[in-house]
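Subject: A structure for you to look at

Hi there,

Here is the structure I promised to pass on to you. Have a look at it first, and then read on for what turned up.

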Amino acid sequence: MSVDTPRRIVLLRHAKADWPQVSDHDRPLADRGRTDATVAGRRLADTKIEFDLTLCSTAVRTRETWKLAVHELPHRPRTVYEERLYEASLGELLALLNETPDDVNDLLLVGHNPGMHALADALADRAEGDVMVRMNRSGFPTAAFAVVAFTGSWKSVEHGVGTLTDFWAPHD
């Protein structure tokens with residue numbers, strides 16, 4: 001792959017979780033979350049992005065979100081459940097992106113806030129239309145996703161490398 005390879009990172013926040021008496025890591029989706037995860041999957045399919053790889057947090061709510069969303073996609077990408085996505089800092093998320101194999105053009109991260117919002121904000125030096133305004137106004141709610149496009153290698157991913165091309169939230 002050349003350094004001019006166009007790539008996309010899609011950041012999907014898990015859908016609405018319930019609050020039963022379990023550890024935070026083991027919280028399942030609420031009823032609304034299950035509905036929103038399916039709708040988010042349909043909207044991801046509408047983007048026509050064919051993901052090469054999905055990195056999904058090991059938390060129950062992220063795994064359930066991905067399980068419902070992926071059924072709406074035309075093809076199922078390779079999925080890796082990544083412990084480091086749970087409670088990841090911005091620096092840890094950037095390090096994960098830098099580890100992405102160069103044969104991956106389109107990557108989906110299924111994770112948590114504040115990380116997903118912080119990462120979208122950090123990566124996007126610019127935005128198409130009002131996408132940045134919409135993302136920041138909404139605060140990146142559950143089941144929302146952002147699409148950041150950039151050109152280059154995964155090892156070169158850093159602050160300001162990309163363009164925010166899309167943002168979607170289920171109750172916008």
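Let's start with a question: does α1 pass α2 in a right-handed or a left-handed crossing, and which of the two words fits? The crossing of α1 over α2 is right-handed. Please keep in mind that this is a predicted model.

**The first pair of helices**

Helix α1 covers residues 31-46 and helix α2 covers residues 60-70. Their axes lie 7 Å apart, and the two helices pack at an angle of about 50°. Because an angle that is neither under 35 degrees, nor over 145, nor from 65 to 115 counts as oblique, α1 is oblique to α2. On the α1 side, the contact is made by Arg34, Ala37, Thr38 and Gly41. Thr65, Leu68 and Ala69 are their partners from α2. Sorted by character, the residues of this contact are 3 nonpolar, 3 polar and 1 charged.

**The second pair of helices**

Further along the chain you will find helix α4 (residues 115-123) and helix α5 (residues 131-138). These two pack at an angle of about 155°, with 11 Å between their axes. Angles over 145 degrees count as roughly antiparallel, so α4 is roughly antiparallel to α5. Here the crossing is left-handed. From α4, the contact involves His117, Ala120 and Asp121, while α5 brings in Met132, Met135 and Asn136. This contact divides into 3 nonpolar, 2 polar and 1 charged residues.

Try finding both contacts on screen yourself, and write back with any questions.

Best wishes

Notes. Residues are numbered from 1 along each chain as its sequence is written. This is a predicted model: local features need pLDDT of at least 70, side-chain atom pairs count only at pLDDT 80 or more; totals for chains, interfaces and linings use all residues. Side-chain values use heavy atoms; hydrogens and water are left out. Axes are lines fitted to C-alpha atoms, for helices over the stretch in contact, and angles run from 0 to 180 degrees between N-to-C directions. Helices (H or I, at least four residues) and strands (E, at least two) are DSSP runs, numbered from the N terminus. A crossing is left-handed if the near helix is turned anticlockwise from the far one by less than a right angle, and right-handed if clockwise. Contact means heavy atoms within 4.5 Å. Ala, Val, Leu, Ile, Met, Phe, Trp, Tyr, Cys and Pro count as nonpolar, Asp, Glu, Lys and Arg as charged, and the others, Gly among them, as polar.
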